[in-house]
Structure formats: structure tokens, C-alpha cells
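Subject: A structure for you to look at

Hello,

Here is the structure I promised to pass on to you. Please open it next to this email and look for each part as you read.

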Amino acid sequence: MTAVHHRYATVDGRQLFYREAGPADAPVVVLLHGFPTSSFMFRNLIPALADRYHVIAPDHLGFGLSDAPSADEFGYTFDALTDLTAGLLRQLDITRYAIYVQDYGAPIGWRLALADPDAITAIITQNGNAYDAGFVEGFWKVVWDYQAEQNAETEANIRGALSLDLTKWQYVTGVPDETLVSPDTWNHDFALLSRPGNDEIQLALFRDYATNPPMYPALHEYLRKTQPPVLAVWGKNDPIFGPDGATAFATDVPNAEIHLLDGGHFLLESAGDEVATHIRDFLGRVAPSR
């Protein structure tokens with residue numbers, strides 16, 4: 001059985017939780033989770049990669065087992081979460097790594113890449129958008145309305161995303177066999193979302209998500225210029241980030257490897273073995289283990 005270590009590090013005065021596995025001298029893969037989950041989403045993927053790779057999966061501040069200072073005490077932005085992630089990697093002496101990004105993990109990963117292009121050995125995106133294409137309006141309109149104007153109506157609507165029903169919806173929508181998705185997933189996430197003050201943290205990040213699409217032109221230029229190896233492995237039935245978000249990567253990286261799988265937003269829950277196989281094959285060609 002693969003040994004997975006559960007560790008804490010203090011970065012800029014904040015305690016971050018992270019999972020770590022694999023040989024210390026192997027090529028590094030950094031797994032960046034999305035909303036509303038944590039490194040818990042990688043609990044099965046980590047052992048599937050750790051025989052060949054040094055795997056690091058942090059919980060973003062305000063998520064999982066990392067610190068969650070109140071939104072009054074800490075300014076929750078994607079820039080701030082990126083700075084903490086970069087600080088953790090520096091503390092771990094990690095200077096070259098592949099990234100796996102999903103949902104919120106994507107804008108954090110893109111900021112890391114833009115800040116230090118030479119650090120990125122490969123990009124794996126699993127329903128992690130980098131283009132205006134792929135945003136499913138049926139989900140995002142509520143977010144966009146809240147970003148445009150914060151009032152009682154728009155806040156009440158966006159707070160629906162913090163409910164148990166919407167948390168479950170993210171996990172099971174688009175999955176061909178819902179019985180493959182453990183109820184532990186949405187109940188685990190909802191328990192953390194329900195901590196006192198966490199709602200304000202999430203509202204701050206919903207507002208700040210508006211800073212991500214304006215970053216896309218710089219990201220596209222980075223992709224065109226550096227041509228990093230890209231694997232897009234995507235739940236094609238995702239009601240949040242549709243398949244156009246996956247195929248768009250070929251616009252700037254013509255050799256991007258794109259797989260649209262029969263699944264939803266949290267593809268690892270229903271097609272984890274298939275995703276792991278694609279990742280191992282991809283990394284074996286572009287970032288071979290020692």
C-alpha cells in the first residue's frame with residue numbers, strides 16, 4: 001500500500017494542510033483542488049501516481065484542513081491563494097513540477113505558471129477552465145449577477161451554491177451511474193462549507209472569480225509561446241465547465257491531448273481509474289519518472 005503523508009506547514013503565518021506521497025527525488029506533480037472540496041478529492045489519485053511521482057496536494061486557505069481565517073481578517077482572492085501555494089512550494093524546495101488543476105485550482109495554477117513559466121513541466125486540466133468557451137451559462141449567470149451587483153437578491157441566489165443540495169448536484173450531475181459517487185463526498189464538503197464564517201469566505205471568492213477571465217489573454221500568450229505539454233481530461237457532461245473549455249486548449253497548444261469522458265464535474269469520483277491511466281500515460285511521455 002502506498003504511504004500517503006498528511007502534513008501541515010506554516011506559510012506567511014497561515015497553517016496549510018497538504019498530502020504528500022511518492023519518492024522525494026521523483027518528478028513532482030502538484031494537485032490543485034476546486035470548489036467546494038479540498039485535497040480530499042485526490043485521496044484515490046495520489047496512490048495511483050505516487051509509485052512514479054512525488055505528489056503534493058495542498059488544501060487552499062479556507063478549505064479542507066487548512067486554516068480558515070475570517071473574511072474580515074484575511075483578504076480571500078485568487079492572487080492571495082496563489083501566493084500561499086507558491087510559498088508552500090518554496091518551503092518544500094519544489095522548483096519544477098507538473099500541475100493538475102480542477103475548477104478553482106485552475107486560476108491558481110495559471111497564476112503560478114505566469115509568475116514562473118520555467119517551473120511548469122506539464123499541465124493536466126480536469127474541468128479547469130482557461131478560456132471564455134466552456135462556461136455553462138445555466139450555472140454561471142447567478143455568479144455573474146452577484147459579481148456585477150451585490151444586493152439581497154443576488155446574494156440570496158449565490159448562497160444556493162453553498163447548500164447541501166447544490167453540493168450534491170455538483171457531484172452527481174452528468175454522471176452516467178450516480179451510485180459510483182460516494183455520498184461521503186458531498187457530505188464531507190458540506191460540513192466544511194457549514195463552518196461558522198465559511199460562507200463569507202466563499203462569497204469573497206465568488207466575487208473575486210471575476211479577476212480570472214481578464215487573465216486569459218496573458219495565459220494564452222504563455223501557452224502559445226512556451227507550448228507546455230497539455231492534457232485535458234474532462235467530464236463532458238459537466239454542468240459548470242462544458243467540453244468547449246477542454247477543446248479550446250488546442251487553439252494555443254495544437255498538440256494538446258484532449259479526452260472527453262462520460263462524466264461530470266468531479267470526474268475522479270466516477271472515472272478515477274480512467275483518468276489515472278491517461279495521466280500516467282501522458283506524464284510517462286512528457287515528464288518520465290526516474
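Below I go through the salt bridges first and then the way some of the helices pack.

Please keep in mind that this is a predicted model.

**Salt bridges**

Side chains of opposite charge can pair when their charged atoms come close. How many salt bridges does the structure hold? There are 13 of them, and three pairs make a good start.

Begin with Asp51 and Arg280, whose closest N and O atoms are 2.7 Å apart. Asp51 sits in the loop between helix H1 (45–49) and strand E4 (54–58), while Arg280 belongs to helix H12 (residues 268–286), so this salt bridge ties together parts that are 229 residues apart in sequence. Asp51 has a relative accessibility of 48%, and therefore counts as partly exposed.

Next, find Arg159 and Asp199, which meet in a salt bridge of 2.9 Å from N to O. Because Arg159 is in the loop between helix H5 (152–158) and helix H6 (164–172) and Asp199 is in helix H8 (residues 198–208), the pair joins parts that are 40 residues apart in sequence. Both ends are partly exposed: Arg159 has a relative accessibility of 28%, and Asp199 has a relative accessible area of 24%. This pair also belongs to a network of salt bridges that links Glu155, Arg159, Asp199 and Glu200.

The third pair is Arg224 and Asp252, with 2.8 Å between the closest N and O atoms. Arg224 is in helix H9 (residues 216–226) and Asp252 is in helix H11 (residues 249–252), so distant parts of the chain, 28 residues apart, are linked here. Are the two partners buried or exposed? Arg224 is partly exposed, at 41% relative accessible area. Asp252 has a relative accessibility of 5%, which falls under the 20% cut-off, so Asp252 counts as buried.

**Helices that pack together**

Two packed helices are described by the angle between their axes and the distance between the axes.

Look at H6 and helix H7 (residues 183–193): their axes are 9 Å apart and the angle is about 140°. H6 and H7 are therefore oblique to each other, and their crossing is right-handed. On the H6 side, the contact is made by Leu164, Thr167, Lys168, Tyr171 and Val172. H7 brings Thr185, Trp186, Asn187, Asp189, Phe190 and Leu193. Sorted by class, this contact has six nonpolar, three polar and two charged residues.

Now turn to helix H3 (residues 105–115) and H9, whose axes come within 10 Å and cross at roughly 60°. That angle makes H3 oblique to H9, and the crossing is left-handed. Which residues meet here? Trp110, Ala113 and Leu114 of H3 meet Ala218, Leu219 and Tyr222 of H9. The contact of H3 with H9 has six nonpolar residues, with no polar and no charged ones.

**A mostly covered helix**

Stay with H3 a little longer. Nine of its 11 residues are buried, so this helix is mostly covered. The buried residues include Trp110 and Ala113, which also appear in the contact with H9, and Arg111 is another of the buried residues. What covers them? The cover includes strand E3 (28–32), helix H2 (78–91), strand E5 (97–101), strand E6 (120–125), H9 and H11.

Happy exploring, and write back with any questions!

Best wishes

Technical notes:
Residues numbered from 1 in each chain as written. Predicted model: local features only at pLDDT ≥ 70, side-chain atom pairs only at ≥ 80, totals over all residues. Heavy atoms only, no water. Salt bridge = Lys/Arg side-chain N within 4 Å of Asp/Glu carboxyl O. Helix = DSSP H or I, 4+ residues; strand = E, 2+ residues; numbered from the N terminus. Buried < 20%, exposed > 50% of the residue type's maximum accessible area, 1.4 Å probe, protein only. Axes fitted to C-alpha atoms, helices over the stretch in contact; angles between N-to-C directions. Parallel < 35°, antiparallel > 145°, perpendicular 65-115°, else oblique. Left-handed = near helix turned anticlockwise from the far one by under 90°. Contact = heavy atoms within 4.5 Å. Nonpolar A, V, L, I, M, F, W, Y, C, P; charged D, E, K, R; others polar.
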